[in-house]
Amino acid sequence: MEGASQHELVAFTFHLKDTSTLLKWEHSKEFEYNQQMYDIVERTYLGDSVTYLCWWDHAETALNKELAATVFNMLKQNPVKSRAQDKWLTFYKSLFCPTNEYASFKQFDISSDNPFTYLRYGICNAIVPGTMALPLLYYKTYKSMKSGILLFFIWGFTYTLTAQTIIVKDQESQQPVELAVLTSEEPRRSATTNAIGQADISGFAGSDVIVITALGYQSMIISYDQLSRDGFNISLQSSGLNLETVVVTGSRWRQKSGEVPSKIIAISAREIALQNPQTAADLLGISGKVFIQKSQQGGGSPMIRGFATNRLLYSVDGVRMNSAIFRSGNIQNVINLDPFATESTEVLFGPGSVIYGSDAIGGVMSFQTLNPKFSLDEKPLISGKFVTRYSSANSEKTGHFDVNIGWKKWSLLSSISSWNYDHLRQGNYGPEDYIKPYFVLRQNDTDVVITQDDPLLQIPSAYRQMNVMQKIRFSPNEKWDFQYGYHFSNTSPYGRYDRHNRVRNGTARHAEWNYGPQLWQMHNLNITHSGANVAYDQLSLRIAQQTFKESRIDRNLNSVDRNTQTEKVLAYSANLDFTKKTSASNTLFYGFEYVLNDVESSGMLTDISNGVETVGASRYPSAAWTSMAIYINDAYNLTQKLTLQGGMRYNHIFMEADFSNNLPFFPFPFSTASINNGNLTGSIGAVFKPSESWVLSTNLGTAFRSPNVDDLGKVFDSEPGTVTVPNPDLKPEYAYNADLGIAKVFGNRLKIDLTGFYTVLQNALVRRNYTLNGQDSLLYLGEMARVQAIQNAAVANVYGLQAGLEWKIGGGFTFSSDLNIQIGEEELDDGTISTSRHAAPMFGVSRLEFKAGKLSLQLYSMYQAERKFEDLPQEEKSKDEIYAKDANGNNYAPSWYTLNFKAMYQLSDTFSISTGLENLTDQRYRPFSSGISAPGINFMISLKAGF
């Protein structure tokens, strides 16, 4: 208060959730506590606590007491109490319930010690649907008057809200906060803000604890009454020091990350907008916690905690994306997802098999695409965005448009994106071994090796892609929600660059080695019902059908025989999930799952000199892969500081494979193969919060991966001079994992996050030398090749540390850093130990960010440690096309770093611009195990129009 000295101020510290129960609020800057009135001078947040520095308003305290006594005596001393109550109610109704259409006013007990307080919170409920009249008892004291006593009732101020809409804004910029999540336990409700920061919270009425969270903002806990007093307008304070947020990855159900014992990260929409990732793989990479390997520009294979490819699970809108042909080699299916149409991205580290089943050994990547939003009033809600972007390193030309049209019960959302990438230019300074200054071109029926004008261009690496998404949502009432989504993604053919780097007899080995168009589409129906009954509080049914289509096209230099192998998978899935709160401290999650994959595979040989086609060997057999499961998970809040969570899953998997299509080409001693196995997995963990600034977590879990069609039935030349053949005798592999995490916030300025992990993989499926009909070699594509097969032949151990630091320096500056150390060891046939192929060297990112109002700036560095020749995985040491040469001429992966700068500015409520310079020092580098170099110096600019 103006003129108040420091010694006149008092300080109170409360848990955020207690501010709505212990304090009686006049408005957002004045409250009553222990029958004393205080005016807030300053607020300071620390974790889930808030400290108020206040001026003690003695005059208003005295007024309050006199007013309370007056009202109390006036009612209590009346000999006909009921008649007095009726008169007061009639008076209330005459002012605030002007017609007989309104319901009777809520009764109050005049024997209360403070009837004035009760009167202030009286509510007149309207019968008119979606409308609520709120009486406001307003009084004012003139503190300058010596008597200090002036009481006056002003009755008659009423405001009406339709569908009780809350508006959430950024405290500094006052821009709307989209995707802020509001949750309440009593009543059990959740809501998410739309593009203009609005959400309907009618269903939250009466809640004492509403949690409001948004990535990049400090969490807020508030009551419905306090929201009402604040006019249902909330401003969130920007902060990166939250110890928890609301996530869905850990359990497929909405939970707080601080109650999930596994490590989970969420990538905010704001960070995506600033970084402007080109693909969904790059989107994962900006987290600094997921390593991305690329064999071609149209790719991106995540590595998490020493695992990759088919030991990681992808989820899109709650639907399993992994198909029966996800392979052990690097995969690029993640690029089918559209980062512009992604609402949120979460990564769970460690086993996720209890909920997601087979393949979720190293982690789960969950992508939630844009959800249709409803209108909260009589007018249709029309919102969306248009984005265009250019990048210099690959002459990128990208466009995106999405639009949401919402009514009260119906909503439509459409999204379309188009990318066009030219050949990727690598950096100017780095290993010469990464330069391939030629490409092969077919001219006059002859393969010609062309010397490039610019040797830094990686030819062929250009490709195009288009994504389309359409969603329809219908909610007839607050209990039912129906949503249908259609996703379509298709790429052009594109070259696998590392295969084009292979040489033979001093020149290019291949004239062609390309992936054909990669197609993915999904139909997804999601039905949600909320209703408190014996079986569940919320039910969710997801039914999905996906189509995967891909092909490989290769031809040796100066050969007329082009080999084309095409694969198509039809994937069907159904999930029935239940959430049931069995008590105030216990929540049960359980469900059922069914998955069916039908695999078709074919081969075609084409003589390009005359166009004659003949049937060739296929990559896979015809096969059906089926999974059925039941699972249960329980979260129990033992105390306010300790949460326990545990779960189990039983999964049964069947597979039938028919090799008839390949018997004319290979001497297999079998024509069919089958798998029939059951797998039980479990997890148990705890989260302990000794104080609001500390979080300790631990988790023990198991996971499994059942052999799929790629493991059991693939025929493929994995590297020069070898061929992988089917092995029908495979068994599941099992993982056992332990996690220990510590997170600590110091003074709302510094946050440190450490997680250690150890995973043991038994019966690991690995590629090893093999014999077929007693022969260790066979003729494949005209050449003798060493026979190999996937086998249960190893035990692997992976352990490491994930470390994060965030420091709010002040003045709008924040420094953050993430470091990942993982060590993977794999047993070889001779008993020796080799580094695991997917355990990346130490890597990380460090950022210095400045944010002021509508401007965001970021200077950051990404880096990776060296992997020496002797530390390379055994199978990687001979891959000349991927690695650089050390001083002894051996392959190795050099260390590297990049310096990068990004900026984003909100030009107006409609337009924003993002720009950046990546790899400022023009380094030529390759992330570990990658077959294509990363971009050299790259200028990018993007313009976004939101409406």
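**A hairpin, a cis proline and two positive phi angles**

I will start with a turn. Strands β26 and β27 form a hairpin with 4 residues between them, and in that turn Ser395 has a positive phi of about 50 degrees. Before going further, please keep in mind that this is a predicted model.

Now the strands on either side of that turn. β26 covers residues 381-391 and β27 covers residues 396-406; the two run antiparallel and are joined by 11 bridges. To find one position in the pairing, look at Thr388, which stands opposite Gly399 in β27.

What comes after β27? Another hairpin, which leads from β27 to β28 through 3 residues. Strand β28 spans residues 410-421, runs antiparallel to β27, and is joined to β27 by 10 bridges. Here the position to look for is Thr398, whose bridge partner in β28 is Trp419. So β27 has bridges to β26 and also to β28. As a general point while you look at these strands, side chains in a regular strand alternate between the two faces of the sheet.

Next, a peptide bond. The bond between Ile459 and Pro460 is cis, with omega at about 5 degrees. Pro460 sits in the loop that runs between β32, residues 457-458, and β33, residues 463-477.

Then two residues to take as a pair. Asn505 is not a glycine, yet its phi is positive, at about 55 degrees. Ser929 is not a glycine either, and has a positive phi of about 70 degrees. Both are in loops: Asn505 between β36 (503-504) and β37 (507-508), Ser929 between β60 (911-918) and β61 (938-946).

Is Asn505 buried or exposed? Asn505 counts as exposed, because its relative accessibility is 78% and the cut-off for exposed is over 50%. And Ser929, buried or exposed? Ser929 is buried, because its relative accessible area is 3%, and buried means under 20%.

Last, the chain as a whole. The protein chain has 947 residues, and 55% of them are buried. Its secondary structure comes to 9 helices and 61 strands. Taking the contacts with a separation of 6 or more, 66% are between residues 24 or more positions apart. The accessible surface is about 38500 Å², and carbon and sulfur atoms account for 56% of that surface.

If you want one place to begin on screen, go back to Ser395, in the turn between β26 and β27, and follow the chain from there into β28, past the 3 residues of the second hairpin.

Terms used:
Residues are numbered from 1 along each chain as its sequence is written. This is a predicted model: local features need pLDDT of at least 70, side-chain atom pairs count only at pLDDT 80 or more; totals for chains, interfaces and linings use all residues. Side-chain values use heavy atoms; hydrogens and water are left out. Two strands pair if DSSP finds at least two bridges between them. Buried means under 20% relative accessible area, exposed over 50%, partly exposed in between (1.4 Å probe, protein chains only). Contact means heavy atoms within 4.5 Å. Accessible areas come from the Shrake-Rupley method with a 1.4 Å probe; for residues, only the protein chains shown count as cover.
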